[in-house]
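The exercises below are to be worked with the sequence and the model open side by side. Each task is followed by a solution in steps.

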Amino acid sequence: MQPTRVLQALRYRRLRLTTKDVNKGFYKGTRTGSMGRHTKHGGFIVEWDKVRTYVCPPLDGFKLTPFVTRNMPRTFGQYETKLGPKDPAMYLARWKSENGLD
Amino acid sequence: MAAAAMRPSMGALGRISSSTPAVALRPLTQTASLSTTAALLKRHKYPGARDNKDHNKKRGESALRRTGTRWRLSMSDEPLPRPVPRSELPAIETDPDHGLWDFFPNRTTVANPPEEDAKHGRSWSVEELRHKSWDDLHRLWWVCAKERNRIATGNWERNKRRLGFGEAEATGRDREVRATMRAIKHTLTERMYTWQDAVKEATNDPEINLSGDGPAFTPRDYLEEGEAGVAEEDQVAEAAEETAEKTEPATTAAIPDPTTIPASKAQAEAPRL
């Protein structure tokens with residue numbers, strides 16, 4: 001969330017934008033997302049289909065670690081086109097060479 | 001003398017019958033027929049009258065007369081339980097494969113010493129991760145998350161016990177893990193955008209049919225050959241379908257990998273782009 005460019009030029013370049021600095025309708029939030037809904041009586045109902053769950057995949061037999069040995073220099077790709085790894089033609093060519101089914 | 005002997009029990013009787021104040025106020029020496037309680041309760045019924053309640057919660061208590069308190073003391077004659085020595089307690093059964101064990105480097109140490117923390121390699125580069133499948137990247141992400149948990153456990157223990165050194169080693173290790181996680185996100189984002197561009201480009205490709213009817217990919221060689229190699233192509237297609245069926249369960253991830261996405265899904269998403 002950023003203030004508009006006019007405000008950035010004035011005083012909000014160094015200060016954070018809070019709900020007191022702007023008019024109604026500004027929702028700053030905590031970047032956490034909604035986990036339920038508010039009732040008209042002021043309560044809150046947790047909707048469990050909105051609550052995030054994180055499922056760890058099975059890691060049995062998985063041998064990769066977060067680190068690579070320093071004996072191996074950092075590798076960089078060699079690409080012919082300017083787009084490099086983002087070239088859709090290369091993507092399609094690989095898809096075709098892998099039988100074009102998946 | 002008899003009245004003096006009754007005094008200590010008067011407090012006790014008052015305690016027993018203290019559930020209602022009116023009953024507690026009744027003189028205990030009088031019989032029920034001479035009771036004036038009902039008449040006392042009937043007094044002052046006009047609006048604004050003071051209530052008939054005894055506002056002194058300690059009425060009748062006297063240290064000189066040893067009446068005791070009006071409320072029941074929380075004491076009993078039951079003997080207190082004696083604590084069992086820890087050596088005689090039964091062993092606490094825990095799950096040997098509990099997931100929380102992943103927060104520690106092993107079963108005996110709570111945190112690695114700084115020398116062990118410093119022994120780590122460099123992070124993965126994006127180019128190295130481009131050749132990994134979705135499943136590998138997904139699992140590597142979780143391996144990184146668990147490694148960060150272990151580092152955080154070590155930091156917490158170091159602060160708690162004031163062990164001193166080791167923050168620089170832990171920070172350096174954490175930096176490499178975060179660089180790997182950043183590279184994973186870079187790889188997947190790049191793959192997603194490349195796939196979207198490839199779907200756009202496939203609409204102009206005569207070899208590719210995104211309508212959903214018939215095979216998605218028809219090689220140009222096959223179009224030029226015509227009817228000559230139909231039988232061979234059928235066999236190839238059947239074999240390819242079998243392999244596709246075999247690989248499909250592995251590729252049903254939560255978020256489809258562009259490289260491993262089935263053709264049907266790609267066609268379904270194509271019009272939205």
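A residue counts as buried if 20 or more other C-beta atoms lie within 10 Å of its own, as exposed if 12 or fewer do, and as partly exposed in between. The model is predicted.

**Exercise 1. Residues with positive phi**

Task: Decide whether R162(B) is buried or exposed, and state where in chain B it is placed.

Solution.
1. R162(B) has a positive phi of about 55°, although it is not a glycine.
2. Most residues other than glycine have a negative phi.
3. R162(B) follows α6(B) and is placed in the loop between α6 and α7 of chain B.
4. There are 6 other C-beta atoms within 10 Å of R162(B), so it is exposed.

Task: Carry out the assignment for R31(A), buried or exposed.

Solution.
1. R31(A) is not a glycine, yet its phi is positive, about 60°.
2. R31(A) belongs to the loop between α1 (5-9) and β1 (36-38) of chain A.
3. Because R31(A) has 6 C-beta neighbours inside 10 Å, it counts as exposed.

**Exercise 2. The two chains**

Task: List the secondary structure elements of chain A in order and those of chain B in order.

Solution.
1. Chain A has 2 helices and 2 strands, in the order α-β-β-α from the N terminus.
2. Chain B has 10 helices and 0 strands, so its order is written α-α-α-α-α-α-α-α-α-α.
3. Of the 102 residues in chain A, 6% are buried; for the 273 residues of chain B the share is 14%.
4. In chain B, 64% of the contacts with a separation of 6 or more are between residues 24 or more positions apart.

**Exercise 3. A glycine in strand β1 of chain A**

Task: Which residues does G36(A) touch, leaving out those up to four places away in sequence?

Solution.
1. G36(A) is in strand β1 of chain A.
2. Its contacts are F44(A), I45(A), V46(A), E47(A) and K50(A).
3. For V46(A), the C-alpha to C-alpha distance from G36(A) is 4.3 Å, with their positions 10 residues apart in sequence.
4. G36(A) has 14 C-beta neighbours inside 10 Å and therefore counts as partly exposed.

**Exercise 4. Helix α6 of chain B**

Task: Check the span of α6(B) against its number of residues, then find what covers its buried residues.

Solution.
1. α6(B) covers residues 134-161.
2. Its 28 residues, at 1.5 Å a residue, should span 40 Å; the end C-alpha atoms are 41 Å apart, which agrees.
3. The buried residues of α6(B) are W134(B), L137(B), R139(B), L140(B), C144(B), E147(B), R150(B), I151(B) and G154(B).
4. An α-helix has 3.6 residues a turn, so residues three or four places apart point the same way.
5. Among the elements that cover these buried residues are α4 (114-118), α5 and α7 of chain B.

**Exercise 5. Packing of α6(B) on α7(B)**

Task: How are α6(B) and α7(B) oriented to each other, and which residues meet?

Solution.
1. The axes of α6(B) and α7(B), the latter residues 167-202, come within 10 Å and cross at roughly 160°.
2. Angles over 145 degrees count as roughly antiparallel, so α6(B) and α7(B) are roughly antiparallel to each other.
3. The crossing of α6(B) past α7(B) is left-handed.
4. On the α6(B) side the residues in contact include L137(B), L140(B), W141(B), C144(B) and I151(B); on the α7(B) side they include A170(B), V177(B), M181(B), I184(B) and L188(B).
5. This contact of α6(B) with α7(B) has 10 nonpolar, 4 polar and 6 charged residues.

**Exercise 6. The contact between the chains**

Task: Which element gives the most residues to the side of chain B that touches chain A, and how does α2(A) pack on α7(B)?

Solution.
1. In total, 38 residues of chain B contact 26 residues of chain A.
2. On chain B, α5 (126-129), α6, α7 and α9 (230-251) each give two or more residues to this side.
3. α7(B) gives the most, with 11 residues.
4. The side of chain B that touches chain A has 17 nonpolar, 8 polar and 13 charged residues.
5. Helix α2 (residues 88-97) of chain A packs on α7(B) at about 80°, with the axes 8 Å apart; the two are therefore roughly perpendicular.
6. P88(A), A89(A), Y91(A) and L92(A) of α2(A) make this contact with T194(B), W195(B), D197(B), A198(B), E201(B) and A202(B) of α7(B).
7. By class, the contact of α2(A) with α7(B) has 7 nonpolar, 1 polar and 2 charged residues.

Notes
Residues are numbered from 1 along each chain as its sequence is written. Chains are lettered from A and ligands numbered from 1 in the order in which they are written. This is a predicted model: local features need pLDDT of at least 70, side-chain atom pairs count only at pLDDT 80 or more; totals for chains, interfaces and linings use all residues. Axes are lines fitted to C-alpha atoms, for helices over the stretch in contact, and angles run from 0 to 180 degrees between N-to-C directions. Helices (H or I, at least four residues) and strands (E, at least two) are DSSP runs, numbered from the N terminus. Angles under 35 degrees count as roughly parallel, over 145 as roughly antiparallel, 65 to 115 as roughly perpendicular and the rest as oblique. A crossing is left-handed if the near helix is turned anticlockwise from the far one by less than a right angle, and right-handed if clockwise. Two residues are in contact if their C-beta atoms, placed from the backbone, lie within 7 Å. Ala, Val, Leu, Ile, Met, Phe, Trp, Tyr, Cys and Pro count as nonpolar, Asp, Glu, Lys and Arg as charged, and the others, Gly among them, as polar. The expected span of a helix is 1.5 Å times one less than its number of residues.
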